[in-house]
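Open the model in your viewer and keep the selection tool at hand. Each stop below says what to pick and what you will find there.

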Amino acid sequence: VVCWSALISGYTQNGQGEQALYCFECMLREGILPNAVTYTCVLKACALAGALDKGKHIHFEIINQGLLYNNVELGNALVDMYAKCGALANARNVLEKLSARNVITWNALISGYLQANECELALRCFECMQQEGVLPDAVTYISILRASAAFGALHKGIEIHKEVIQQGLLQDNVMIGTALVDMYAKCGVLSMAHDVIEQLPSRNVVTWSALIAGYADTLQGDEALNCFERMLYEGIFPN
RNA sequence: AGCUCAACCGG
């Protein structure tokens with residue numbers, strides 16, 4: 001069962017959901033019984049493949065076998081599977097019933113809401129999780145910045161900006177810096193977007209692209225081109 | 001052997 005789980009996991013880590021599910025079928029056909037780790041990988045495969053019905057069936061098996069109790073990783077994979085398949089009511093339901101959940105559980109649900117463009121619900125989850133004493137991490141902030149941008153909630157974005165600085169998260173995470181630049185750009189506050197990118201300890205092609213796109217969207221082609229030149233000057237290659 | 005995360009374009 002460990003070998004099969006490792007193989008299934010390998011496929012999911014490369015985004016090959018269908019292949020992973022195929023392996024799972026082979027494993028069952030050989031009479032090998034899956035355990036909690038196997039199911040965690042298979043749920044991720046369902047999420048990748050958008051295989052909601054398959055995922056529901058796995059959910060049923062997990063409940064039947066009593067594997068869910070206090071297994072955070074398995075619960076998280078279940079919430080993520082429903083979220084990625086767009087079954088947000090199921091995702092929230094599972095989250096609420098889990099005996100153990102953590103920041104990753106909430107992050108999975110928040111991402112699901114974002115993917116469905118339910119920015120307001122995503123923002124509400126952010127409040128809920130904190131009310132129950134779960135502290136946001138870098139992934140949470142990145143999602144909430146995206147929600148703020150999509151919802152045009154500049155004030156929320158500024159609030160997150162302050163929090164991120166307080167926690168020193170800008171030092172070691174390019175993606176948060178990029179999400180901040182993108183949030184300001186999408187809210188049309190290009191001066192702030194520019195300020196942020198100047199102060200980042202590190203930035204990459206995605207960070208610059210967010211700023212360039214922001215200038216392009218606001219019809220500031222000259223500024224967009226300036227940024228492009230600066231990016232090249234820094235030795236960052238365009239993609 | 002296991003869970004969540006950033007830009008642009010097209011569909």
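## Stop 1: the surface near the RNA

Select H5 first: with six residues, H5 gives the largest share of the surface near RNA strand B. Keep in mind that this is a predicted model.

Now add the other contributors. At least two residues of this surface come from each of helix H1 (2–13), helix H3 (36–49), helix H5 (72–84), helix H7 (103–115), helix H9 (138–151), helix H11 (174–186) and helix H13 (205–217).

Which residues come nearest to RNA strand B? Pick Thr40, Asn76, Asn107, Ile142 and Met175, which come nearest of the 35 residues around the strand. On the RNA side, 53% of the strand B atoms that come within 4 Å of the protein belong to sugar and phosphate.

Color the surface by residue class. It shows 15 nonpolar, 13 polar and seven charged residues.

## Stop 2: three polar contacts with the strand

Zoom in on single residues.

- Threonine 178: a polar atom of its side chain sits 3.4 Å from a base nitrogen of RNA strand B.
- Asparagine 204: an N or O atom of its side chain is 3.2 Å from a base nitrogen of RNA strand B.
- Alanine 210: here the backbone takes part, with a polar atom 3.3 Å from a sugar or linking oxygen of RNA strand B.

## Stop 3: H7 against H9

Hide the RNA and show H7 with H9. How do the two axes run relative to each other? They come within 10 Å and cross at roughly 20°. Angles under 35 degrees count as roughly parallel, so H7 is roughly parallel to H9. The crossing of H7 and H9 is left-handed.

Turn on the side chains at this contact. From H7, select Val103, Asn107, Ile110, Ser111 and Leu114. From H9, select Val139, Thr140, Ser143, Ile144, Arg146 and Ala147. By class, the residues of this contact are six nonpolar, four polar and one charged.

Asn107 has appeared twice on this tour. It is among the residues nearest to RNA strand B, and it also belongs to the H7 side of the contact with H9.

## Stop 4: the whole chain

Zoom out and show chain A as a cartoon. How many helices and strands does it have? Chain A has 14 helices and zero strands. Follow it along the sequence and the pattern reads α-α-α-α-α-α-α-α-α-α-α-α-α-α.

To finish, switch to the C-alpha trace. Along its principal axes, the trace of chain A spans about 65 × 40 × 30 Å.

Conventions: Residues are numbered from 1 along each chain as its sequence is written. Chains are lettered from A and ligands numbered from 1 in the order in which they are written. This is a predicted model: local features need pLDDT of at least 70, side-chain atom pairs count only at pLDDT 80 or more; totals for chains, interfaces and linings use all residues. Side-chain values use heavy atoms; hydrogens and water are left out. A residue is near a molecule or strand if one of its heavy atoms lies within 4 Å of it. A polar contact is a pair of N or O atoms within 3.5 Å; within protein, one must be able to donate a hydrogen and the other to accept it, and residues adjacent in sequence count only if both atoms are side-chain atoms. Helices (H or I, at least four residues) and strands (E, at least two) are DSSP runs, numbered from the N terminus. Ala, Val, Leu, Ile, Met, Phe, Trp, Tyr, Cys and Pro count as nonpolar, Asp, Glu, Lys and Arg as charged, and the others, Gly among them, as polar. Axes are lines fitted to C-alpha atoms, for helices over the stretch in contact, and angles run from 0 to 180 degrees between N-to-C directions. Angles under 35 degrees count as roughly parallel, over 145 as roughly antiparallel, 65 to 115 as roughly perpendicular and the rest as oblique. A crossing is left-handed if the near helix is turned anticlockwise from the far one by less than a right angle, and right-handed if clockwise. Contact means heavy atoms within 4.5 Å.
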